[in-house]
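This report walks through selected strands and one helical residue of the model shown below, with attention to how the strands are paired.

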Amino acid sequence: LHRRLCTSQPPPTSTQKRLGPPARIITRFLDGTGAEQLGQPMDNPYGEFIPLSNPFETKDGSNEARIIGEPLVKMAKLLSPIPNIPAVICCGLNYRKHAEEVSLPIPQRPTLFSKSPGAVQNPYDPIILPKSARDEVDYEGELAVVIGKKCKDISPEEAKDCILGYTIANDVTARRWQGKKGGGQWFKSKSFDTFLPLGPSITAAWALDASDLALTTTLNGEVVQESRTSDMIFDVPTLVSYCSTDTTLLPGTVILTGTPEGVGYVRDPPLYLKAGDRVEVEIEGIGRLVNMVACTKYRS
């Protein structure tokens, strides 16, 4: 009896029995019935995905999504990869060459600000130019970190165990609102609706070394940003650790790691987004985030 009491465990649920290996690619989409799905793309020409477990379904989260042994699913619409984002934390001035182009000193600590989770936009859906900021909207291609496990006060060495993976962000910014119109704070300039395209999917942290990835932003087919994540001043583990200092990072939190040189407002003449433009941000090992630009209200 004593041995049975010490070793007995609750029977596994049916879902637990069917969980397979961790997924390398996590994609969120709507299927043909309109139901939301998480899946890993199959290597076939039919646009099929193998279903995945939801790493965000428990309050403490998980640093992996696992393959579920169920029938394959076809995608009807691609969505941004994280549902119900609790917070978006951003790091400004985190590339050495970007600091040089804006003539600012290298920061001694990360410069943090936030964006509204309500600004998130799906891949291929348009960036909407606000009526209050039509002629000042700029692009900022960035690597985004997705927190998988609830964490606080972690060291840089512990950071990877809390990261679900990496995706691509465009930290769209209204430049005049970033200055005087925003009262000296950046939140409003970066939180207009659709000002945070994310996607197209998440590449698992275990499958990607984020320390030296190529990052390219193109505008209407012309390269406007071209760099590598090795130019970061504060690398991903350092940044995640700093963000967690006396602060709980919840599962699904997104951390934007900064943009490299080549932003539009420092050019002569300045280069701002206009209706009809096509913006693409590509990061090695993750994919390509594509969005058009529009002025009128968009209905999905």
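In this predicted model, strand E17, which spans residues 214-219, runs antiparallel to E18 and is joined to it by 6 bridges; within this pairing, leucine 215 stands opposite serine 227 of E18. Both strands belong to an open sheet of 5 strands with mixed pairing, in the order E11-E21-E20-E17-E18. The edges of this sheet are occupied by strand E11 (127-128) and strand E18 (222-228), and because each has a single partner strand, one side of each is left without a neighbour in the sheet.

Strand E2, covering residues 25-30, has 5 of its 6 residues buried, and is therefore largely enclosed by the rest of the structure. The pairings of E2 are set out in the table.

| Partner of E2 | Sense and bridges | Residues standing opposite |
|---|---|---|
| E16 (residues 196-204) | antiparallel, 2 bridges | isoleucine 26 and isoleucine 202 |
| E3 (residues 36-41) | antiparallel, 4 bridges | threonine 27 and glycine 39 |
| E7 (residues 77-78) | antiparallel, 2 bridges | phenylalanine 29 and leucine 78 |

With E3, strand E2 also forms a hairpin that has 5 residues between the two strands, and glycine 34, which lies in the turn, has a positive phi of about 90°.

Turning to a helix, histidine 98 is found in H3, which comprises residues 96-101. Histidine 98 counts as buried because its relative accessibility is 8%, where the cut-off for buried is under 20%. When its neighbours within four places in sequence are left aside, histidine 98 is in contact with Leu93, Thr259, Pro260, Glu261 and Val263.

How values were computed
Residues are numbered from 1 along each chain as its sequence is written. This is a predicted model: local features need pLDDT of at least 70, side-chain atom pairs count only at pLDDT 80 or more; totals for chains, interfaces and linings use all residues. Side-chain values use heavy atoms; hydrogens and water are left out. Two strands pair if DSSP finds at least two bridges between them. Buried means under 20% relative accessible area, exposed over 50%, partly exposed in between (1.4 Å probe, protein chains only). Contact means heavy atoms within 4.5 Å.
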